[in-house]
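Q: I'm new to this structure and would like a close look at a single part of it. Please take me through that part slowly, and then show me what else there is around the chain.

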Amino acid sequence: MFIPSNFKFTRLIQLPLLVLILSTNLSFIAGLEGSIGVNYGTVADNLPPPSKVARFLLDSTIINRVRFFDANSTMLSAFAGTGIETTVTIPNDQIPNLTNLSFAQEWVKINVVPHARSTKIIRILVGNEVLSTGNKLFISNLVPSMQNLHTALVGENLDRQIKISTPHSLGILSTSSPPSTGKFRQGYDTYILKPLLSFLKATNSPFMINPYPFFGCSEETLDYALFRPNLGVFDQNTNITYANMLDAQLDAVFSAIKRLGFINIDIVIAETGWPSRGDTGQTGVDAKSASEYNMKLMRHVSSGIGTPLMPNRTFETYIFGLFNEDLKPGPTFERNFGLFEPDFTPVYNIGILKPMGKANIPPDTRPVQGSNGKNLNWCLTKIGAKDEELQRNLDYVCGLGLNCRPIQEGGPCFYPNTVRAHAAYAMNKYYQAMGRNEFDCDFKQTGSITNMDPSYGDCKY
């Protein structure tokens with residue numbers, strides 16, 4: 001027998017069933033609204049005017065948080081009256097000037113006060129990945145600059161409405177694996193990050209981080225980075241097996257913060273994303289992988305499950321980025337992180353467009369519909385898939401907590417009692433629960449979508 005009635009599936013990752021029950025596109029959108037934002041970069045010569053961008057986001061998408069990489073007055077004015085929450089950024093080279101309180105006060109009067117009533121500014125970011133620049137002048141003045149800006153906001157009675165923070169790269173960690181050993185780089189921990197954390201705690205502001213599993217993965221860890229079924233990474237200190245790289249990165253940051261004596265500071269994902277195009281031979285750099293990462297990212301951070309060390313919470317998250325930016329320097333992938341082309345055409349579909357009478361499903365994955373309006377497509381095992389591969393799929397899906405009782409002894413789908421038949425039931429269960437996306441039936445190319453109902457007798461797929 002492949003699955004006896006007393007069999008207990010190996011629990012590879014610790015996820016409650018709730019996160020997996022995303023049965024319709026509308027419920028998926030409702031869960032995301034309010035927690036997902038985008039980074040609105042402008043290193044391009046073909047972008048639409050900010051007024052059109054603001055109207056597009058408001059009318060056509062569920063996005064209601066936007067981060068700017070400066071404090072451009074035209075862009076802030078474009079978002080006036082939309083209710084979209086905006087975050088502005090002060091460039092790194094302005095940090096030394098902000099150590100002068102008068103300069104900080106003047107900056108707030110010029111860049112914030114004129115827009116504060118009509119545009120929903122929620123946060124000012126001082127620099128971007130400042131510690132990673134290695135510039136001692138910027139680094140040593142970071143916290144004093146943040147303190148002066150807060151004082152300036154207090155003077156304008158805006159300190160409760162607008163918070164001050166700064167985003168970091170994962171380069172601030174000296175140790176990140178396993179996550180429980182996360183530690184900030186020596187020197188920065190005591191002299192910069194501890195005072196910074198004290199400021200954030202005192203002002204009820206979040207610690208902001210830019211985790212990019214894309215930059216941390218290889219061909220061997222691609223499934224781990226893309227939230228696909230995988231064996232996971234074990235942390236021997238906590239006996240936790242991590243099922244995805246993002247959770248491991250976030251928990252490493254949490255561990256580093258805790259090591260400095262802080263436990264009640266929110267963590268916000270200021271940037272994360274995946275490119276849709278790259279140079280020849282790059283692993284996982286394509287529209288399918290980008291769609292898969294960003295869609296699963298949105299589900300995960302909005303699910304309420306949290307991470308192993310930060311359970312039962314959601315994460316405010318900003319996807320990078322809104323548009324492909326054709327003037328960005330560097331490799332091809334740097335110019336292809338966008339969710340949209342400059343004409344607002346989606347680079348791929350991740351469900352952030354508001355329903356307009358039609359489901360937001362790419363044509364190549366649109367399900368067949370029956371007379372009752374329900375989707376009729378299923379995920380089954382591919383011909384030629386090996387039993388050992390299918391057994392791994394079976395263990396993974398049932399280990400998530402999905403209902404596999406029908407394929408246990410005595411269940412209506414127990415016969416035929418083969419790995420292939422049981423795996424087909426389990427793989428389809430996962431595919432249906434995750435929203436019927438093509439990539440949710442991939443299973444390392446051992447799954448195949450069909451519109452022929454495999455149900456038989458009392459065994460219902």
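A: Let's start with the link between Cys413 and Cys459: a disulfide joins the two, with an S to S distance of 1.9 Å. Keep in mind that this is a predicted model, and that the distance is a computed value. The torsion about the S-S bond is 110°, and the link of Cys413 and Cys459 is right-handed. This pair ties together distant parts of the chain, as its two ends sit 46 residues apart. Cys413 belongs to the loop between α13 (387-399) and α14, while Cys459 lies in the segment after β15.

Are these two cysteines buried or exposed? Cys413 has a relative accessible area of 2%, so it counts as buried. Cys459 comes out at 0% relative accessibility, and therefore it is buried too. The cut-off behind both calls is a relative accessible area under 20%.

Now for the other links of this kind. The count comes to 3 disulfides. One of them joins Cys379 to Cys441, with the sulfurs 2.0 Å from each other. This pair also connects distant parts of the chain, 62 residues apart: Cys379 is in strand β14 (residues 378-381), and Cys441 is in the loop between α14 (419-433) and β15 (447-450). The torsion about the S-S bond of Cys379 and Cys441 is about 85°, which means that this disulfide is right-handed. As for cover, Cys379 is at 0% relative accessibility, so it counts as buried. Cys441 is at 2%, so the buried label applies there as well.

Then there's the link of Cys398 and Cys404, whose sulfur atoms are 2.0 Å apart. Here the angle about the S-S bond is -90°, and the link is left-handed. Cys398 has a relative accessible area of 6%, so it is buried. Cys404 sits at 3% relative accessibility and therefore counts as buried.

How do the bonded cysteines pair up if you number them in sequence order? The pattern reads 1-5, 2-3, 4-6. The link we began with, Cys413 to Cys459, is a good one to find first when you trace that pattern on the model.

With those links in place, here's the wider setting. The protein has 14 helices and 15 strands. It is made of 461 residues, and 54% of them count as buried. Take the contacts in the protein with a separation of 6 or more: residues 24 or more positions apart account for 72% of them. On the outside, the protein exposes about 20,200 Å², and carbon and sulfur atoms supply 50% of that area.

Let's move on to some of the strands. Strand β12 (residues 267-272) is mostly covered, with 6 of its 6 residues buried. β12 pairs with strand β9 (residues 207-210) in the parallel sense, over 3 bridges. To see that pairing for yourself, look for Phe207, whose bridge partner in β12 is Ile267. β12 also pairs in the parallel sense with strand β13 (residues 317-320), this time over 2 bridges. A handy marker there is Thr272, which stands opposite Ile319 in β13.

Phe207 brings us to another residue, His168, because the two turn out to be in contact once you apply the 4.5 Å cut-off between heavy atoms. You'll find His168 in strand β6 (residues 167-169). Leaving aside residues up to four places away in sequence, His168 touches Glu129, Leu131, Leu193, Leu196, Phe207, Met208, Ile209 and Asn210. The side chain of His168 also reaches the backbone oxygen of Thr166, at 3.5 Å. At 1% relative accessibility, His168 is below the cut-off and so counts as buried.

One helix rounds out the tour. Helix α11 (residues 245-259) has 15 residues and reaches 21 Å from its first C-alpha to its last, close to the 21 Å expected at 1.5 Å a residue. α11 is mostly covered, as 13 of its 15 residues are buried. What caps the N-terminal end of α11? That's Asn244: one of its side-chain oxygens lies 3.2 Å from the backbone nitrogen of Leu246. Just after α11 comes Gly261, which takes a positive phi of about 95°.

How values were computed. Residues numbered from 1 in each chain as written. Predicted model: local features only at pLDDT ≥ 70, side-chain atom pairs only at ≥ 80, totals over all residues. Heavy atoms only, no water. Helix = DSSP H or I, 4+ residues; strand = E, 2+ residues; numbered from the N terminus. Expected span 1.5 Å × (residues − 1). Buried < 20%, exposed > 50% of the residue type's maximum accessible area, 1.4 Å probe, protein only. Polar contact = N/O pair within 3.5 Å; in protein donor to acceptor, adjacent residues only side chain to side chain. Areas by Shrake-Rupley, 256 points an atom, 1.4 Å probe, with all protein chains shown as cover. Disulfide = S-S within 2.5 Å. Pairing = 2+ DSSP bridges.
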